[in-house]
Amino acid sequence: MGYKVKNAEFVTSGTRPKHFPPADRPEFAFGGRSNVGKSSLINTLVNRKKLVKTSKTPGRTQLINFFGVNEDFYFVDLPGYGFAKVPESVKKQWGPMVEGYLGNRPNLVGMVIVMDLRRGVQEDDFELIMAAPHFGVQPILVFTKADKYKKNARMQRRREIAKDIEADPEELVLFSSTQGIGVEQLWQRITELGGR
Ligand SMILES: Nc1nc2c(ncn2[C@@H]2O[C@H](COP(=O)(O)OP(=O)(O)OP(=O)(O)O)[C@@H](O)[C@H]2O)c(=O)[nH]1
Ligand SMILES: [Mg+2]
């Protein structure tokens, strides 16, 4: 029996700690490169097609967006990184904005780092993975767009990536927003860490 989402709603958005909601329940942040599928992944998890705006144009989400899930969790959609065409001024804001977020959420328990299974772990993803423990946060490594591979190739790709970053393949969650792959597994990680 999996976790049931009865209610998922937008709470607020902002760039600085004074905009954030009270830190009164376990929180999960979702980070990753632009266009990787973060917003789609959140929608798939909460089973709401349009809760979070998705886009074919990378770099659309520039704010930190908070969503409430039941009365149990906050899910936070972080702005994507690594997109070349974003103006320099916006790129410069990303680091301080995300550090200001990570350093000011005592309720933050996990950071879901969303990557494209085809691309694997890029340098900026790896930096985020390594930074998470410094903020007292457990990184959860998720590889989305797994629908682009057949099952065997998908598992093979997971082993390759795990080897690259010296991780246990079992630690890597394969996901697809279009096919619903990995939804149960990711919920299991979230509920375990979030104490539900
Ligand atoms: N095939 C496939 N396409 C996906 C999947 N998830 C997302 N996409 C597509 O990838 C594109 C980007 O998805 P978003 O969810 O908006 O990505 P994002 O990471 O939130 O992007 P930014 O907010 O711009 O950083 C869209 O065209 C989605 O339809 C998936 O699991 N499989
Ligand atoms: Mg997005």
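What percentage of the 196 residues in the protein chain is buried? Buried residues make up 37% of the chain. The model is a predicted one.

## Overall fold

The protein chain contains 5 helices and 7 strands. In sequence order these elements follow the pattern β-β-α-β-β-α-β-α-β-α-β-α.

Among contacts in the protein chain with a separation of 6 or more, 73% join residues that are 24 or more positions apart.

## Dimensions

The C-alpha trace of the protein chain spans about 45 × 45 × 30 Å along its principal axes. For 196 residues, a compact globule would be expected to have a radius of gyration near 16 Å, because the rule applied is 2.2 Å times the number of residues to the power 0.38. The protein chain has 16 Å, which agrees.

## Surroundings of ligand 1

Ligand 1 is surrounded by 22 residues. The closest are Gly37, Ser39, Ser40, Thr54 and Gly80. By class, the shell around ligand 1 holds 15 polar, 5 charged and 2 nonpolar residues.

Helix H1, which covers residues 38-46, gives the most to this shell, contributing 3 residues.

## Helix H5

Helix H5 runs over residues 183-194 and has 12 residues. Its expected span is 16 Å, because each residue counts for 1.5 Å and the number of residues is reduced by one. The end C-alpha atoms of H5 are 16 Å apart, in agreement with that value.

Just after H5 comes Gly195, which takes a positive phi of about 70°.

Methods
Residues are numbered from 1 along each chain as its sequence is written. Chains are lettered from A and ligands numbered from 1 in the order in which they are written. This is a predicted model: local features need pLDDT of at least 70, side-chain atom pairs count only at pLDDT 80 or more; totals for chains, interfaces and linings use all residues. A residue is near a molecule or strand if its C-beta atom, placed from the backbone, lies within 6 Å of it. Helices (H or I, at least four residues) and strands (E, at least two) are DSSP runs, numbered from the N terminus. Ala, Val, Leu, Ile, Met, Phe, Trp, Tyr, Cys and Pro count as nonpolar, Asp, Glu, Lys and Arg as charged, and the others, Gly among them, as polar. A residue is buried if 20 or more other C-beta atoms lie within 10 Å of its own, exposed if 12 or fewer, and partly exposed in between; C-beta atoms are placed from the backbone. Two residues are in contact if their C-beta atoms, placed from the backbone, lie within 7 Å.
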